[in-house]
Amino acid sequence: MSASLSSNKANGNEIPIELPLFSKTQSPKSYLFTQIVQSHLGEQASLIISVLISYGRLTILKIREHTHLPIFNIKQSLVSLIQLNLVVFSVDDRDRVFYTFNGNGIYKIIYSGEIITTIHNFYKNKNEKEFIDEIKVNIFTEIVQNVLSSGYLSIDDYLNSLSEHEHKNEEQIKFCFNQLINDGWLKPIDKFHFQNRFDLYEKLYKQQLYKFNKENKIVMSESKKQIEVKKLTAEKFQQLFIDESDKKINSKNSLTFNLNRFLKRQRSLQLSLLCKHKLGPLSAKIYSIILQKFEKNSTDIINEKIDILKYSNEVSSSSTGLDPESLENVIHKLKLKDLEILKFNVNEILREIQKNNEKNKIKLTKSIINPNKKRKNGINNQENNIPRKKIKLETLDSLDELVNQQEQKKVENSMDVDFEMDGYNGNQNENENENENELAILNTHLKILSSNKDYKFLIENSPGSFSIPFIDLATPLSQNIYNQLIKLIFGQDSLRLLNCVNESKLIDEKLLGNLILMKDLKIRSILNRLIQFQILEIQEIPKTQDRSAIRTVFTFKHNFTLSKNILKNCLNYNMAHILHLITDKKSENKILIDKSLRDDVKGREEEMLIESELVKLNELYNFEISNLVKFNRLRSLVDVFEYLQTP
Amino acid sequence: MSSSISTRAEKLHGLMLEQKSGSIFDQKELQILAKIANPEDLMILAQELINKQLLKLVKQDGVLKFQAVKASEAEKVQKMSKDEAMIYSYIEASGREGIWTKTIKAKTNLHQHVVLRCLKGLENQSYIKSVKSVKYPTRKIYMLYHLTPSIEVTGGPWFTDSELDTEFIDSLLLVVWRYVASKSYPNAFNKNPEYNAMEKSQPPQQSFPHTYVDYPTAKDIMEFISNSGIANVELSQNDIRALCNVLVYDEKLEKLHNGFIDSYKASWQSILENGGGLENDVGQEEDSPFDLFDSYKIITPGYNENESEIPSDIKDGAIYLDSWMNG
């Protein structure tokens with residue numbers, strides 16, 4: 001797959017040994033992507049990627065011009081790159097083929113390790129609930145691993161590659177494929193999978209424009225015409241993919257990994273972590289169960305509708321930039337769709353919780369405490385003259401009646417149930433009583449999840465009915481991680497200052513000092529650091545006409561989007577740098593590594609290698625492991641800023 | 001008192017001083033007080049007192065009023081030079097706020113040297129004192145020797161000798177947070193052995209219901225602090241509010257919007273970071289991503305304030321921001 005650089009000359013052309021400096025300097029992302037491709041597909045593929053990132057879309061001849069690689073090598077690398085969806089192509093009217101870098105493809109490689117772990121854990125958890133055996137869990141993982149390494153795969157391809165012994169599991173494999181497709185992890189590739197979507201959109205736009213001009217002879221302003229044609233193009237474009245997705249999947253269909261599905265899982269994990277640190281572990285566990293149940297049906301994170309909006313803005317437009325209002329409209333529609341689809345009630349969640357086995361069982365009883373309940377029931381009701389509903393639990397009938405007839409009543413009195421059930425000693429149908437008690441406590445937990453003003457984990461549509469505001473939660477999530485990073489890197493005082501600036505929007509040093517109760521010198525040193533890292537911006541307010549610096553007041557403000565992007569770049573750069581360090585270390589010890597990989601040495605290292613070599617080898621592996629851990633930690637932070645946020 | 005003033009004037013002065021200190025009288029009130037029907041007679045007496053610095057004229061709401069000056073005060077002023085007396089009168093009028101030297105100069109229209117000489121003289125006789133203003137640290141502000149500077153000048157309870165007392169603030173912040181935290185979650189800090197023995201049967205988190213409204217308010221916190229006698233200065237509700245806001249900026253407290261003004265709740269993260277929370281955690285998701293919020297378990301909070309305490313792996317750049325910017 002990879003094109004090696006064994007010699008400097010091939011077909012009379014000079015092959016560059018090292019990646020050009022611009023692959024690192026043009027952007028942190030370019031540095032990261034080229035490093036990733038270099039470690040997976042080799043230097044030549046990495047060079048091509050670097051050139052494509054730099055120049056946009058190029059033909060093979062142009063790629064040769066910039067990379068100085070022989071055409072044969074370029075074609076060989078492009079096959080691998082297209083197969084892994086790192087590069088997409090488009091054909092223009094003159095049948096020239098252009099190649100473009102595809103950002104989404106590379107994330108499948110960056111995430112590959114995480115994806116395999118996620119699939120394993122996902123089906124391991126299912127195993128506990130639905131009795132999927134361990135062998136099947138391994139098959140799920142193997143299938144996804146194979147799909148990721150080859151980019152796409154059909155069921156037949158996979159079965160053909162199996163040994164005779166493995167063929168015994170054919171039925172199980174088919175079942176696993178089926179399950180993976182149903183759970184949304186695998187999706188069939190459409191005929192546009194390898195094509196540049198924007199070019200496709202542009203082509204369609206031109207066709208629609210031609211058709212429109214031909215059919216409509218009435219005089220119309222150019223901008224009005226553009227709007228009409230863009231509308232038609234967007235409909236047509238969406239229809240193309242709907243037609244493709246309607247096709248029935250068979251064993252010959254090529255399947256690819258669905259990155260969106262994985263991102264949804266990641267988002268759920270990040271949200272439940274946020275919940276854990278804001279509300280507590282039990283709330284987080286309940287929330288996690290809810291998220292896992294509904295994440296699959298939520299709107300896609302890399303959303304086609306937003307992509308279309310961007311294409312439509314870029315295609316033959318004289319205006320500058322994307323209209324934020326139209327973007328907001330699309331996001332609003334997605335939010336409404338989410339709220340509609342992701343509706344659930346307390347009973348559904350209780351059933352889901354009860355599916356958990358003994359090991360993972362969630363203890364709900366005594367998790368809600370109302371210290372002044374008994375005291376207040378008597379006093380407050382009289383004081384406030386508020387008629388309060390009181391549930392009598394002497395007989396089970398009254399409770400059943402309540403549960404069946406009025407869900408709202410049950411919600412309002414949930415704490416009454418909880419408290420009185422604690423001391424309930426009756427022996428009539430204890431299981432059902434316990435169930436009702438759990439239902440009431442669970443309802444209170446859901447209410448807690450929906451009542452936090454800063455972090456609205458759930459939205460209560462009507463009493464007892466909730467939904468998950470995925471899109472609204474994206475900004476607080478990234479803001480929270482960002483703040484935590486500031487706290488860890490710059491210290492608690494910096495967080496205090498930043499939060500104060502954030503709340504005040506624009507603030508000067510003096511007022512800042514009064515609000516955060518910190519000494520002027522300290523404030524100045526924190527401000528300096530935060531400005532240095534472009535977390536804060538200075539706004540100059542001149543007081544005199546000559547803008548005298550002594551009389552000028554300097555105020556400070558924080559632009560979250562801007563500073564978040566800078567932070568994202570830093571994290572991307574760090575990730576790339578870690579990979580670079582690993583590659584460097586490996587090339588430094590190339591002889592030792594080659595030796596350890598030799599057939600006669602492999603497995604017998606202790607016999608064949610001298611002690612100093614063994615120590616060095618051990619050091620090398622430890623270095624790689626610790627750096628890969630760092631890489632993955634950074635990556636999980638980038639997730640939040642890259643994908644898990646409102647576009 | 002000087003024997004050169006008439007008995008009637010002396011009597012009027014005595015009557016005026018018998019009233020509440022600092023009382024101001026208009027002409028009619030003085031007439032009633034001194035039982036003098038004819039305003040002209042009163043004016044003669046007033047003029048006599050004014051000449052002896054025993055009476056001060058004050059203009060209030062456009063009406064001329066009179067204020068008695070103690071004999072000792074009058075004597076003090078009488079001993080002063082004309083310039084000193086003028087400067088003294090402006091300083092006296094500024095009250096507890098004090099007056100800036102530049103303002104004195106502008107108001108008296110005296111040369112700077114004269115103003116400085118007079119101020120020095122008055123200061124040497126302990127008639128006035130120089131105070132440091134928190135609001136304008138570079139200005140030289142004067143006020144009468146026996147007066148206590150106002151909060152505007154001293155900066156309020158957070159300042160000791162015109163310096164922000166961060167140690168005092170930090171200890172108060174801790175007390176406030178601890179008080180709010182103890183009222184925010186049931187059993188969040190319950191670490192007694194009896195409870196721990198029961199803990200396994202307890203849920204991993206105990207919360208108050210969403211309808212719970214007894215979270216502490218600024219007033220509750222103020223009462224707690226004043227009852228406990230922790231602070232030797234009197235703190236107002238506004239001061240407590242300022243402390244709570246700092247804790248909100250620190251993300252240790254959350255401001256609640258439950259219909260009660262200034263109601264606060266401690267954040268769960270702050271409780272965890274300070275060793276609270278229940279121990280038997282619910283099984284963490286196995287595929288859970290790297291949790292930045294758990295770093296408090298390995299990193300000492302505020303480590304970057306003292307570089308020598310930074311663990312080596314953090315120093316080596318577990319998380320580093322500047323590599324791209326400087327790279």
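## Close-up views of chains A and B

**Figure 1. Helices α1(B) and α2(B) meet through a small set of side chains.** In this predicted model, L12(B), L15(B) and M16(B) of α1(B) meet L30(B), L33(B) and A34(B) of α2(B). Helix α1 covers residues 7–18 of chain B and helix α2 covers residues 27–34; their axes come within 10 Å and cross at roughly 110°. Since angles of 65 to 115 degrees count as roughly perpendicular, α1(B) is therefore roughly perpendicular to α2(B). Sorted by class, this contact of α1(B) with α2(B) has 6 nonpolar residues, with no polar and no charged ones.

**Figure 2. Strand β3(B) has β1(B) and β2(B) as antiparallel partners.** Here we turn to strand β3, which spans residues 63–68 of chain B and pairs with strand β1 (residues 24–25) over 2 bridges. On that side, F25(B) stands opposite F66(B) of β3(B). Strand β2 (residues 55–60) of chain B pairs with β3(B) over 6 bridges, again in the antiparallel sense. K59(B) is the residue to look for across from L64(B) in β3(B). The hairpin of β2(B) and β3(B) has 2 residues between the strands, and D61(B) takes a positive phi near 50° there.

**Figure 3. An open sheet in chain B runs in the order β4-β6-β5.** The sheet has 3 strands, and their pairing is antiparallel. β4 (99–100) and β5 (128–131) of chain B stand at the edges with a single partner strand each, so one side of each has no neighbour in the sheet. Strand β6 covers residues 141–144 of chain B and is joined to β4(B) by 2 bridges. In that pairing, I99(B) has Y142(B) of β6(B) as its bridge partner. Between β5(B) and β6(B) there are 4 bridges, and I128(B) has L144(B) of β6(B) as its bridge partner. To place a helix in this view, find α5 (residues 82–94) of chain B: α5 lies across β4, β5 and β6 of chain B, running at about 85° to β6(B).

**Figure 4. Helices α9(B) and α12(B) cross through a nonpolar contact.** Helix α9 spans residues 166–184 of chain B and helix α12 spans residues 237–249; they pack at an angle of about 80°, with their axes 10 Å apart. That angle is why α9(B) and α12(B) are described as roughly perpendicular to each other. From α9(B), the contact takes in I169(B), L172(B), L173(B), V176(B) and W177(B), while α12(B) contributes L243(B), C244(B), V246(B) and L247(B). By class, the contact has 9 nonpolar residues, and neither polar nor charged residues take part.

**Figure 5. Helices α12(A) and α13(A) pack with a mixed set of residues.** We now move to chain A, where helix α12 (residues 259–278) and helix α13 (residues 281–294) pack at an angle of about 160°, their axes 8 Å apart. Angles over 145 degrees count as roughly antiparallel, which makes α12(A) roughly antiparallel to α13(A). The crossing of α12(A) past α13(A) is right-handed. On the α12(A) side, the contact is made by R265(A), S268(A), L271(A), S272(A), C275(A) and K276(A). Facing them from α13(A) are P281(A), S283(A), A284(A), Y287(A), S288(A), L291(A) and Q292(A). These residues divide into 6 nonpolar, 5 polar and 2 charged.

**Figure 6. Strand β7(A) sits between β5(A) and β6(A) in an open sheet.** The sheet has 3 antiparallel strands in the order β5-β7-β6. Its edge strands are β5 (152–154) and β6 (186–188) of chain A, and each pairs on one side only. Direction ignored, neighbouring strands of this sheet are turned by 40° against each other on average. Strand β7 spans residues 254–257 of chain A and pairs with β6(A) over 3 bridges. P188(A) stands opposite L255(A) in β7(A).

**Figure 7. Confidence varies along chain A.** Chain A averages a pLDDT of 81, and 84% of the residues score at least 70. Among its elements, strand β4 (residues 97–101) of chain A has the highest mean pLDDT, 95, and helix α18 (residues 396–405) of chain A the lowest, 36. Residues 1–7 of chain A have a pLDDT below 50, and beyond near neighbours in sequence this stretch has 15 contacts in the model. Over residues 374–426 of chain A the pLDDT also stays under 50, and the model has 68 contacts for them beyond four places in sequence.

Definitions and conventions: Residues numbered from 1 in each chain as written. Chains lettered and ligands numbered in written order. Heavy atoms only, no water. Axes fitted to C-alpha atoms, helices over the stretch in contact; angles between N-to-C directions. Parallel < 35°, antiparallel > 145°, perpendicular 65-115°, else oblique. Contact = heavy atoms within 4.5 Å. Nonpolar A, V, L, I, M, F, W, Y, C, P; charged D, E, K, R; others polar. pLDDT = per-residue confidence, 0-100. Left-handed = near helix turned anticlockwise from the far one by under 90°. Pairing = 2+ DSSP bridges.
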